Amino acid sequence: MSSSPQDQNQEPKEEQKEETKEEKREERKKEEQKESWKDLIYNPRTGAFLGRTASSWGLILLFYFVFYGFLAGMFTLTMWVMLQTLDENVPRHQDRVANPGLVIRPHTAEISFNRSDPTNYNQYIQQLHDLLQNYNDSLQERNDLCLVGEYTEQDGELIKKVCQFKRSTLRQCSGLPDTSFGYAEGKPCIIIKMNRVIGLKPRGDPYINCTAKRDGPLQMQYFPSEGRLDRMFFPYYGKKAHPDYVQPLVAVQLLLTKEDYNVELAVECKVEGSDLRNNDDRDKFMGRVNFRVKVSE
């Protein structure tokens with residue numbers, strides 16, 4: 001049977017009603033979602049902010065304040081107890097007390113210059129002048145005259161005295177009679193110093209000995225004589241107890257001849273005459289130092 005025109009008109013109306021209902025449902029869902037997002041930030045019905053009421057926020061903040069305050073207190077107490085066990089002047093752990101290293105000035109492994117051109121070696125002599133500022137005779141005369149060859153032990157003294165080491169002791173390598181430290185003549189001075197080690201008292205009579213790695217010997221001159229590191233400059237008590245301390249220096253002047261010019265010379269300097277180690281292949285600077293020198297006319 002065929003449907004009447006009246007029935008055909010009713011079907012579109014019902015479809016329109018259903019579409020209108022669905023649209024209303026979707027709008028209602030969107031409004032509910034908006035309200036739910038707003039409620040997450042602040043819910044006016046319960047007074048909750050970010051999901052917690054004021055009393056809940058107060059309790060959790062109080063908990064974290066007490067918890068982290070307790071942790072901070074425990075950390076502070078632990079640090080205080082540890083600091084009570086430390087000595088301000090002496091490190092608690094020293095793994096290389098008996099074996100200091102050697103360093104040189106100029107501070108470079110390769111010293112190369114033309115003796116006729118001062119701009120080639122000005123940087124070297126400036127480093128030497130800077131090093132020796134604290135060794136000026138006028139400053140060192142304020143320090144004490146100590147017994148040669150004897151340790152200057154001062155365990156009972158709060159502020160330790162300092163033994164004199166005058167710049168003039170280095171003579172031709174002091175920068176006083178010759179401000180170029182021999183570089184203008186092609187006979188450069190190298191200053192060697194031992195690293196500071198708290199409490200170090202080397203046995204014997206330590207001295208610096210330098211050798212050139214070549215077939216024939218290389219003429220050198222040491223200042224002080226024989227390259228001695230006198231025992232009166234030991235032990236060192238640390239920067240706080242020994243603030244004005246200056247370590248002993250040894251200067252070696254390479255007495256090069258014309259035959260030595262334009263040739264790279266490898267030189268090794270070691271501390272000898274004591275119990276200090278200078279032959280550890282794992283550390284090339286323990287008790288020794290190596291450098292190269294090349295002078296041209």
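## A tour of a predicted fold

D178 is partly exposed, with a relative accessible area of 21%. On this scale, buried means under 20% relative accessible area, exposed means over 50%, and partly exposed is anything in between (1.4 Å probe, protein chains only). Before we go on, note that this is a predicted model, where local features need pLDDT of at least 70, side-chain atom pairs count only at pLDDT 80 or more, and totals for chains, interfaces and linings use all residues. Residues are numbered from 1 along each chain as its sequence is written, and side-chain values use heavy atoms, with hydrogens and water left out.

Back to D178, which sits in the loop between α4 and β5. Helices (H or I, at least four residues) and strands (E, at least two) are DSSP runs, numbered from the N terminus. The D178 side chain makes a polar contact with the side chain of S180 at 2.9 Å. A polar contact is a pair of N or O atoms within 3.5 Å; within protein, one must be able to donate a hydrogen and the other to accept it, and residues adjacent in sequence count only if both atoms are side-chain atoms. The side chain of D178 also reaches the backbone nitrogen of G182, again at 2.9 Å.

**Into the core**

Which residues touch the most other members of the largest nonpolar core? They are Y183, I208 and C210, in a core of 57 residues. The biggest giver to this core is helix α3 (residues 118–132), with 6 residues. A nonpolar core here is a set of buried Ala, Val, Leu, Ile, Met, Phe, Trp, Tyr and Cys residues joined through side-chain atoms within 4.5 Å. In soluble globular proteins, nonpolar side chains tend to be buried together.

Take a look around I208. Setting aside its neighbours within four places in sequence, I208 is in contact (heavy atoms within 4.5 Å) with a list of residues that includes L102, I192, Y222, L229, V250 and C269. Charged residues appear there too, among them E226 and K270.

**A buried arginine**

R167 lies in the loop between α4 (137–140) and β5 (189–194). What is the nearest side chain of opposite charge to R167? It is D137, 7.0 Å away, and R167 is buried yet has no salt bridge. For this count, Lys and Arg are positive and Asp and Glu negative, while His and the chain ends are not counted. A polar atom of the R167 side chain does lie 2.6 Å from the backbone oxygen of S174. Beyond the neighbours within four places in sequence, the contacts of R167 include H129, Y135, D137, S174 and F181.

**Salt bridges**

How many salt bridges does the structure hold? There are 12, each being a side-chain nitrogen of Lys or Arg within 4 Å of a carboxyl oxygen of Asp or Glu. The side chains of E141 and K166 form one at 3.7 Å, N to O. This pair links distant parts of the chain, 25 residues apart, with E141 and K166 each in the loop between α4 and β5. K166 counts as partly exposed at 25% relative accessibility.

E153 and K201 pair up at 2.9 Å, N to O. E153 is in the loop between α4 and β5 and K201 in the loop between β5 and β6 (204–212), so the pair ties together parts that are 48 residues apart in sequence. E153 is partly exposed at 47%, and K201 is partly exposed at 35%.

D205 and R231 meet at 3.9 Å, N to O. Since D205 is in strand β6 and R231 in the loop between β7 and β8, the pair ties together parts that are 26 residues apart in sequence. D205 is partly exposed at 42%, and R231 is partly exposed at 22%. Salt bridges that share partners also join E268, K270, D281 and R288 into one network.

**Backbone oddities**

Two residues have a positive phi although they are not glycines; here they are with their places and exposure.

| Residue | Phi | Relative accessible area | Place |
|---|---|---|---|
| E226 | about 65° | 60% (exposed) | loop between β7 and β8 |
| N262 | about 60° | 51% (exposed) | loop between β8 and β9 (265–274) |

Then there are the cis peptide bonds. One joins R105 and P106, with omega about 10°, and P106 is in the loop between β3 (102–105) and β4 (110–114). Another joins F234 and P235, with omega about 0°, and P235 is in the loop between β7 (220–223) and β8 (249–254).
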